[in-house]
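Let's take a walk through the inside of a protein together. Please have a look at the sequence and the model before reading on.

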Amino acid sequence: YSYIKSGSSSSTTVAGFTDVRTTDYFCDAVKWAVENNITTGTNDGTTFSPDWTVDRAQAVTFLWRTKGCPEPTKSTSGFSDVEAGSWYEKAVIWAVEKGITNGTGGGEFSPEMTLSRSQWVTMLWRALGKEGKTGEGEWYTDAENWAKANGLLKGTAKAYATEADCPRCDVVYYIYNAMKKE
C-alpha cells in the first residue's frame, strides 16, 4: 500500500480519524461510511488512510457492508484463491451470488489485486442493479457511462482514469454519491 498525507493540518478532523479533514472532498462520504458501518478505518481506527490503494477483497467487502452484510446462501465462493474463513470470504460469496463479480479468470478472484477504477465502477454498478449492457465498448463501458451520467465521478482530486488505482477515499466517495442517487 502507498500512503500520502491527505488534507491540511489546520482543519478539523472527521469521524475520529486523524487523516480526514473537514476540507477534504471525501469528508461527508467518510462520515457516512462510518455511520453506516461500511468502514471502521485503519490502524486501530485512528486513521482512514484515504490514499491507500484498495484491493478486490476490500472492494467487495465495502459493497457487502453497504448492503447490510447479508448472509450468502452458498458456503464457498468457487474461487481457488479465496481462503475459507478469511475476513472477506462471505463478501466474495455474496458478490458472486449477486453477479457483482465473476473473478479475474482461471477460477480466481484475485483478492489482493489492486482495484482499478473501472473494476470499482463496474462492481458498484452491478451491486446497485444498474446492469443493462449496450454491447458496445469494453466490459466496463456501460458502468462508466452510468457513473458519468449520474455525476458519481465528479469532484475527486484526480481525474477519472479507467485503469488507475482506486484509493479508499474514492471508493467511499463513489459509493456515497451512488447511494444519494438511490
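What follows goes from the nonpolar core to one helix and then to a cavity. Keep in mind that this is a predicted model.

A good place to begin is the largest nonpolar core, which has 50 residues. Within this core, W120, L124 and Y174 have the most contacts. The elements that give two or more residues to the core are strand 2 (17-21), together with helix 1 (27-35), helix 2 (56-66), helix 3 (89-97), helix 4 (117-127), helix 5 (141-149) and helix 6 (168-181). Helix 6 gives the most, with eight residues.

Now zoom in on W120. Leaving aside residues up to four places away in sequence, W120 touches A59, F62, L63, L115, C166, D170, V171, Y174 and I175. Y174, one of these partners, is also among the residues with the most contacts inside the core.

Next, turn to helix 3. Here E89, A91, V92, I93, W94 and A95 are buried, and the cover over the buried residues of this helix includes helix 2. Just after helix 3, look for G99, which takes a positive phi of about 75°.

Finally, where is there empty space inside? The count comes to one cavity of 30 Å³ or more, and the largest cavity holds about 30 Å³ of space. Its lining is made by L63, T66, K67, L124, A127, L128 and M179, with helix 2 and helix 4 each giving two or more residues. By type, the lining divides into five nonpolar residues, one polar and one charged. L124 brings us back to the start: this lining residue is also among those with the most contacts inside the core.

Key
Residues are numbered from 1 along each chain as its sequence is written. This is a predicted model: local features need pLDDT of at least 70, side-chain atom pairs count only at pLDDT 80 or more; totals for chains, interfaces and linings use all residues. Side-chain values use heavy atoms; hydrogens and water are left out. A nonpolar core is a set of buried Ala, Val, Leu, Ile, Met, Phe, Trp, Tyr and Cys residues joined through side-chain atoms within 4.5 Å. Buried means under 20% relative accessible area, exposed over 50%, partly exposed in between (1.4 Å probe, protein chains only). Helices (H or I, at least four residues) and strands (E, at least two) are DSSP runs, numbered from the N terminus. Contact means heavy atoms within 4.5 Å. On a 1 Å grid over the protein atoms alone, a cavity is a set of points where a 1.4 Å probe fits but cannot get out, and a pocket is an open set with protein on both sides within 12 Å along at least five of seven lines; lining residues have an atom within 4 Å of a point. Grid points are joined across faces, edges and corners, and a volume is the space filled by probe spheres set on the points. Ala, Val, Leu, Ile, Met, Phe, Trp, Tyr, Cys and Pro count as nonpolar, Asp, Glu, Lys and Arg as charged, and the others, Gly among them, as polar.
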